[in-house]
Every structure is written in C-alpha cells, then in structure tokens.
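Here is a brief report on one chain. Please look at the sequence and the model before reading on.

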Amino acid sequence: ISVDVRFDNNPGLWSTRIFIVYPEELSLKSIENSLAIYTSAGDMFIGTYDLPLTSPDQVGAFQDFLREHPEVVKDGYRSTTVYFEPAAFDAILEGNGVLCTLNFEIADGVEIGDVLDINMYYTEADFLRAETDENGYPIFTVYEPDMIGSNLTIVDEVCEHTNVTTDHRDATCVEDGYDKTVCDDCGETIADIAID
C-alpha cells in the first residue's frame, strides 16, 4: 500500500523533518521522494525503517519528544524519519503537493475491516520557514504546522473484471435460456440475462 505525505498551504518552508509512526502490521519497504514541489533540487535524508519507538537509535530530539508525550509510545508501533532541505541556501519554497510517498507491505494477519493508523510528529525547529531580508538573504523562523495523520481501512481488493467468461444457453420450449458472464479472477457474476 502506498501513502502520500503532502504539503497544503505551505507558507514557504525551507527545511522539514517529520517523524512518521505506524503499527507493526505495516512494514516500510521504500520511500519515494517527489521533488515536484521544490523549484530547486532537494535532498531527503531517510531515517532507519521500522525503528521501534523505544529504540535508543531514535533521533535524540524525538526521544525527548516521546519522553514528554508518553501517550505516543504504544506497544507494537514503529517509526521512520523523513527530512527535506533544499540544495540552494537561498531557496524559498512555497510549493504544495506530495512531499514523499511511503510504500508499505501489509502483514499476513491483517484482515478486511482492520484500521491501521499512521501518525506524524515533529519537534521544535523541525519546520523552518524562510523569509528574505532587505539584502535578499534568507531569515529562518520556526513554524508550527497542523499535522493530519491517516487511518487506513483494509478493504477487499477491487477486481477490474478484465478476464471474463460468458456462458450462453438458448431458450427451449421447456426452459428459458440465458447469457451469464462470470469473472474468471474473482468469481463474481457480472451479468445474468434471461432469454425467453
């Protein structure tokens, strides 16, 4: 499953660090970086995938955050860190759109109807806003964004019914005929038309 992390109403952020927390039923396989929102080239430094929240390898600032907010530390939850910074020192970035895409693998025990939550956190100075002074140099100020997480509800896979078989039987004086179309992939009856 792929989940986009995106900016909306970006005030001109220069650097961004987000701690992403998710349940162990999700295993992070890759992060794709979308630079479309950056007018200049950007770099992303990725933290260790699937790091338990209690791990001593967590970024120091996030460890402090977790100590201050013990309600965030739940058994069976992991995290990774995404960090963005523009290549050009004087770049002021006001774009909106996909910051990155997280590609997860879902554990075998997850069932249809299960809800898996993905949450995002940041610490002081993890979001820096860039403004320009009278000489054209950037001035950085701390910004506190609204973070909106995501709940993923596992649903049955939607079949496109691309492989179908139609069974036809002509009507007789004793029985109606039919045209019955069934999906070869999922077994669903797509059409069942009676013929007099």
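Where does Asp50 lie? Asp50 sits in the loop between strand 4 (42-46) and strand 5 (51-52). The model is predicted.

## Loop residues with positive phi

Asp50 has a phi near 55°. That is a positive value in a residue other than glycine.

Asn9 also calls for a look. Phi of Asn9 is near 55°, again positive in a non-glycine residue. Asn9 belongs to the loop between strand 1 and strand 2 (13-23). Is Asn9 buried or exposed? Asn9 has 68% relative accessibility, so it counts as exposed, the cut-off being over 50%.

## The open sheet

An open sheet is built from 3 strands, in the order 1-7-3. The pairing is antiparallel. Strand 1 (2-7) and strand 3 (26-33) are the edge strands, and each pairs on one side only. On average, neighbouring strands of this sheet are turned by 25° against each other, direction ignored.

How many bridges join strand 3 to strand 7? There are 7 bridges between strand 3 and strand 7 (residues 97-106), and the two run antiparallel. One residue pair can be named here: Ser27 has Glu105 in strand 7 as its bridge partner.

## Thr101 in strand 7

Thr101 is placed in strand 7. Why does Thr101 count as buried? Its relative accessible area is 13%, and buried means under 20%.

The side chain of Thr101 makes a polar contact of 2.7 Å with the side chain of Asp4. Residues up to four places away in sequence aside, Thr101 touches Ser2, Val3 and Asp4. It also touches Ser30, Ile31 and Glu32.

## Nonpolar cores

The largest nonpolar core has 23 residues. Which of them have the most contacts inside it? They are Val5, Ile18, Ile20, Leu102, Phe104 and Ile118. Six strands each supply at least two residues of this core: strand 1, strand 2, strand 3, strand 6 (77-86), strand 7 and strand 8 (115-121).

A second core of 8 residues is separate from this one. It includes Phe19, Val21, Phe62 and Leu66.

Ile118 deserves its own list. Neighbours within four places in sequence are left aside here. Ile118 is in contact with Val3, Ile20, Val21, Tyr22, Leu26 and Phe104. Gly149, Ser150 and Leu152 are also contacts of Ile118. Among these contacts, Ile20 and Phe104 are listed with Ile118 for the most contacts inside the largest core. Val21, another contact of Ile118, belongs to the second core.

Terms used:
Residues are numbered from 1 along each chain as its sequence is written. This is a predicted model: local features need pLDDT of at least 70, side-chain atom pairs count only at pLDDT 80 or more; totals for chains, interfaces and linings use all residues. Side-chain values use heavy atoms; hydrogens and water are left out. Two strands pair if DSSP finds at least two bridges between them. Helices (H or I, at least four residues) and strands (E, at least two) are DSSP runs, numbered from the N terminus. Axes are lines fitted to C-alpha atoms, for helices over the stretch in contact, and angles run from 0 to 180 degrees between N-to-C directions. Buried means under 20% relative accessible area, exposed over 50%, partly exposed in between (1.4 Å probe, protein chains only). A polar contact is a pair of N or O atoms within 3.5 Å; within protein, one must be able to donate a hydrogen and the other to accept it, and residues adjacent in sequence count only if both atoms are side-chain atoms. Contact means heavy atoms within 4.5 Å. A nonpolar core is a set of buried Ala, Val, Leu, Ile, Met, Phe, Trp, Tyr and Cys residues joined through side-chain atoms within 4.5 Å.
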